[in-house]
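This briefing covers an annotated domain and the strand pairing around it. Please view the sequence and the structure together.

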Amino acid sequence: MKALRFYAPEDVRLEDVPEPACAPDEVKLRVRNCSTCGTDVKIFYNGHQNLTPPRTIGHEIAGEVVEVGADVNSTFDADWKVGDRVQVIAAVPCGECYECRKGWMAVCQNQTSVGYQYDGGFAEYMIVPPQVLKVDGLNRIPDNVGFDEASAAEPFACAINAQELLGIEEGDTVVVFGAGPIGCMHIRIARGVHKCGPVYLVDVNAGRLQMSADAVSPDEIIDGSQVDVIERVMELTEGRGADVVITATAANVAQEQAISMAARNGRISFFGGLPKTDPTITCDSNLVHYRQLHIHGANGSAPEHNKRALEYISTGQVPVKDLITRHIPLDDVLEAFKIVKEGSAIKVTVEP
């Protein structure tokens, strides 16, 4: 079969490899869609500390069951059958550590990941390992949800996790930094699930900003390369600031601006991680203190967030179909990485 294998930074090859065999405690999938994200591009250029090459990468996965290991259904109290349409979690909690026992699976200290420790979805076939099955991380795709939409459930789940921590209330003013697919999903979740008020989308790439605005219709777009973002948000909120600010971008300045523009009792999500070579920001601690600000980290998701993402897609509360603007065959998978890097599409999915 064909698979995209990571060997070293910038040494990523689409090559023929043996089709994987299915062990008694595993499930084998025919991959139908594996979508791409900025993390894939980071891996392409920089590798990752948890990724041991050679490794098949790709972690936003939806497919069809082609084989069920003999022990799977009895071991994991499941009822998987050949032909089932499924979505796979990416972040795999251990289910046993202190955090998992507390119900904080998104921050499991022993977390492993599909596409890192286990071969991922940029391939014609893949194995769902027992570690995924153990934590109920293989999810049925609702009948009215396409494989491409289901593959977007994984990043969607990460956004659900972040917003769950923020406690967005009806009517809240929300600012989202980053006009990529995650920024678009954040806007749709804040509106469709939490019934927020005005939403302002910020980016420094005018083309990407307009492309995403055409899809998700924020109340205003703010081009950070042209205007003072803090000043503009203060104008739009009559000097009060934003109730919720989500930084869905790997930019230090966005996190600093988020603190400066937050209203009293404002909630801030540092959703996008910063470069490891420059991970610090300047924080006016008095703003945090006197405005009683709440700053949340958000990293990944728990299995339950993936299930909720599929439910929101299925009910139409949070549509994602129109955000998938490019479908690329596996043969051209490296082209997908270029498109993501240049930001010329909202969401790119690969179809083996």
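The points below start with the annotated domain and then go through two groups of strands. The model is predicted.

**Annotated domain**
- An unreviewed UniProt entry lists residues 7-350 as "domain: Enoyl reductase (ER)".
- Helix accounts for 32% of the chain over residues 7-350 and strand for 25%.
- The C-alpha atoms at the two ends of this range are 20 Å apart.

**Strand β11 and its partners**
- Strand β11 covers residues 174-177, with V174 and V176 pointing one way and V175 and F177 the other way. All four of these side chains belong to buried residues.
- Strand β12 (residues 199-203) pairs with β11 in the parallel sense, over four bridges. Within this pair, V176 stands opposite L201.
- Between β11 and β12 the chain passes through helix α7 (residues 181-192), and this β-α-β crossover is right-handed.
- Strand β14 (residues 242-247) also runs parallel to β11, and four bridges join the two. Here F177 of β11 stands opposite T247 of β14.

**The sheet β2-β1-β4**
- An open sheet is formed by three strands in the order β2-β1-β4, with antiparallel pairing.
- β2 (11-16) and β4 (55-56) each have a single partner strand and stand at the edges, so one side of each is left without a neighbour in the sheet.
- Two bridges connect strand β1 (residues 2-8) with β4 in the antiparallel sense. The bridge partner of R5 in β4 is T56.

Methods. Residues are numbered from 1 along each chain as its sequence is written. This is a predicted model: local features need pLDDT of at least 70, side-chain atom pairs count only at pLDDT 80 or more; totals for chains, interfaces and linings use all residues. Side-chain values use heavy atoms; hydrogens and water are left out. UniProt positions are given in the numbering used here, feature names are shortened, and annotations may be inferred rather than shown by experiment. Buried means under 20% relative accessible area, exposed over 50%, partly exposed in between (1.4 Å probe, protein chains only). Two strands pair if DSSP finds at least two bridges between them. A crossover is right-handed if, with the strands pointing away from the viewer, the path from the first strand over the helix to the second runs clockwise.
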